[in-house]
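This report covers salt bridges, nonpolar cores, surface charge and a few single residues of one chain. The sequence and model come first.

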Amino acid sequence: MINKLAKAQKSWIAKLILTLTALSFMSLFGITGYISSASNNRTVIKVDNIEVSQAEFSYEFQKELNAAKNIMNIDLNEEQNEQIRSSLMNAVAQKMIKDAIIDRTAKKHHVSFRPELIGRIVMSEPAFQDLSGQFNRDVFRRVLSENHISESEYTRSVERGLAEQILISWPTRNINVPQALLNAELKIDNKRRTFRYVLINPQEMKVERQISQDEIEQYYDDFASSFIAPETRDLSVVYLSVDDVLSQINVSDDEIKAYYDEHIENYETPEKRNVLQMMFENEQDAQDAYLELQKGRDFYAVADSKAHQTKEETDLGVVSENELVFEIAEDVFALKKGTYTKPVQVGEIWQIMKVTEVTPPSKADYAKVSKEIKDEILNESLYDQIYATVSKIEDELGAGKTLEEIASKFNTSVVKVQALNDEGTASGKPEKLTNLISSSDFIDAAFSYAENETSQTIETDEGIAILRIDAINESHQKSIEQVSPEIKALWESNEKDAIAQEKINDIMHDLENGSDFAQTVRRYGLTSYKSQPITRNETFADLNYADIKELFMQELNVPYQAKSGDSYIIAVAEQDYQNSAPLDDNEKALVMLKNKQSLSADLQKAMLDSYAKDYKIKIKYKLMGIED
């Protein structure tokens, strides 16, 4: 069990959580549902006069925890869950401290932004634009609502992001890497190493015994809280998919023809010609070339001798009339295939052009594009039709109509969902509702109404729905018979992990005491492998580059333990080689970029620390649930 982030910083759980925290919507935009009773909560973070309450931190942490579980979508054991909580709690605390320092520094240095600028940034965000690429306030409000973010909180996060750029990011751009450091890094990057390693997969471990019934019962009693069946709900649902909504739109042949005529340029291909050209700085040279052409000389040959052009420079390629300058376009498109123009002055340059091929204009067959046009009209009309459909359903609900009556009006049927839980899974459902019932909007509605109540209209990416709560099945303790297979599987997995960990500990102990790697691995019934010579920009056994970096920092024959996929790996650096060939320019540029990024990150951290030293900062870790 880990209790501090420091103990888990090398685990896959910690690395994943830190990544999720950096990317998740809630981390980006901060908390939104500030609890009205915050004054009753104790302050957990204070940066001068900027305070973060216990309620704010708890709310933010819970949001991040839910987001992490949804994104990971994997089954975790108790220790991994504790790792997630510990890692995430530290990550959220670090972010909120950083945000408070940025806010205080921006205020101190009078860094602020006009509302017009913030408005333009918000309106340029693709997530808030409709199908035509224009900012849509309804879409904006829906996205924020789906993520439980208020408009003021969102705009505040945009302001903070801009302030961070000005105070930290911009001053650290274009940092120069000292040549001495670069030379040292280039030398290190040019070094190659081979590694001996062994892979230990817990799932391949053999468990010699079976769990006893007494152990099952003991585990059931000890972890009774883990075997609670959650509340579920039985629902009746009226669902209109996007296709169902589109089917309500009637597109006439006249509308299709009108669209075709209005956008005819999209369905016509103009005449195109393959054109050769030669260019001259004065008229006399152009006339001399023209006389050579009249004598029957090849166009490319004349361009070479008179205009000093290569074949590539002479071949203009395939062009339409509107792609040529107007002074010569009409003359070129009046030529027959194989003929050329007289010298024509275009600005300060004299040109001669020849047509080598003519591709006649064409028009797309109306019958072939009418289906495409219909789909385009439907897509353009979809948003309005969804709005109209929602309005009709709301009117029907307001008039007291039942689900069955509303379904009949829209030529659909009421479908059943059995035992839906708050994670979006159900014991029974129509296949077409699989994505719908897992959406946050649907789950929120399903668990927001009492038995026999009907919801308001639910809009999701899948379509439109309304639901009725038919039954509420209260949460209850699962019987030992129900959970025995789960307990057995968990026990076996833990046993395999323990056996694997014991082997890892024994091998590490032997290696640290100077035992030969290959002999040690064989003694434990495992196979040792040897990598090819690699640089620290390469990898082996699917190790991540952070582990490769650590391996290159170890002395030869010093064992290092890491995680590689589902297996654990123990590796030792066996031999160093110096490349005879120097790094090429691309490899040098990569080393330079890597060092710039590293120095820039260090400088940004130093700047944040320097700002923090100016303030009185108090952090109450215990109130946040983090050990000091």
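In this predicted model, the side chains of Arg468 and Glu404 form a salt bridge, with an N to O distance of 3.1 Å. Arg468 belongs to strand β14 and Glu404 to helix α18 (residues 403-409), so the contact links distant parts of the chain, 64 residues apart. Arg468 counts as buried because its relative accessibility is 17%, and the cut-off for buried is under 20%. Glu404 is partly exposed, at a relative accessible area of 39%.

Strand β14 spans residues 463-473 and also holds Ile466. With a relative accessible area of 1%, Ile466 is buried. Its C-alpha is 9.8 Å from that of Glu394, while the two residues are 72 apart in sequence.

**Other salt bridges**

How many salt bridges does the count come to? The count is 31 salt bridges. Three of the pairs are set out below.

| Pair | N to O distance | Relative accessibility given |
|---|---|---|
| Arg468 and Glu404 | 3.1 Å | Arg468 17%, Glu404 39% |
| Glu164 and Lys98 | 2.7 Å | Lys98 29% |
| Glu116 and Arg114 | 3.5 Å | Glu116 43%, Arg114 60% |

Glu164 and Lys98 meet through their side chains at 2.7 Å, N to O. Because Glu164 sits in helix α8 and Lys98 in helix α5, this pair ties together parts that are 66 residues apart in sequence. Lys98 counts as partly exposed, at 29% relative accessibility.

The salt bridge between Glu116 and Arg114 has an N to O distance of 3.5 Å. Glu116 is partly exposed at 43% relative accessibility, whereas Arg114 is exposed, with a relative accessible area of 60%.

Some charged residues are joined in a network of salt bridges, made up of Lys95, Asp99, Asp103, Arg156, Glu159 and Arg160.

**Nonpolar cores**

In soluble globular proteins, nonpolar side chains tend to be buried together. Here the largest nonpolar core has 41 residues. The residues with the most contacts inside this core are Ile45, Phe57, Ile101, Phe128, Tyr154, Tyr611 and Met624. At least two core residues come from each of β1 (43-47), α4 (54-72), α5, α6, α7 (137-146), α8 (151-169) and α24 (585-612). Which element gives the most to this core? Helix α5 does, with 11 residues. A second core, separate from this one, has 24 residues, including Ile249, Tyr260, Leu382 and Ile393.

Helices α5 and α8 therefore appear in two settings: each supplies at least two residues of the largest core, and the pair Lys98 and Glu164 ties the two helices together.

**Charged surface patches**

Two patches of like charge are described here. Arg42, Lys616, Lys618 and Lys620 form a positive surface patch. Within this patch, Lys616 is in the loop between α24 and β19 (617-619). Lys616 counts as exposed because its relative accessibility is 59%, and the cut-off for exposed is over 50%.

A negative surface patch is formed by Asp214, Glu217, Asp221 and Asp222. Asp221 is in helix α10, which covers residues 213-222. At 53% relative accessibility, Asp221 is exposed.

**Residues in loops**

Most residues other than glycine have a negative phi. His110 has a positive value, with phi near 60 degrees. This residue lies in the loop between α5 (78-108) and α6 (115-123). Is His110 buried or exposed? At 71% relative accessibility, His110 counts as exposed.

Asn452 also has a positive phi, near 75 degrees. The loop that holds Asn452 runs between α20 (440-446) and β13 (458-460). Asn452 is exposed, with a relative accessible area of 58%.

Arg536 is in the loop between β16 (528-530) and α23 (545-553). Its relative accessible area is 16%, so Arg536 is buried. Arg536 and Ala546 are separated by 10 residues in sequence and by 9.6 Å in space, C-alpha to C-alpha.

Notes:
Residues numbered from 1 in each chain as written. Predicted model: local features only at pLDDT ≥ 70, side-chain atom pairs only at ≥ 80, totals over all residues. Heavy atoms only, no water. Patch = residues over 30% accessible without salt bridge, like charges linked within 9 Å, V, L, I, M, F, W, Y side chains within 5 Å. Areas by Shrake-Rupley, 256 points an atom, 1.4 Å probe, with all protein chains shown as cover. Salt bridge = Lys/Arg side-chain N within 4 Å of Asp/Glu carboxyl O. Lys, Arg positive; Asp, Glu negative; His and termini not counted. Charge placed at Lys NZ, Arg CZ, Asp CG, Glu CD. Helix = DSSP H or I, 4+ residues; strand = E, 2+ residues; numbered from the N terminus. Buried < 20%, exposed > 50% of the residue type's maximum accessible area, 1.4 Å probe, protein only. Core = buried A, V, L, I, M, F, W, Y, C linked by side-chain atoms within 4.5 Å.
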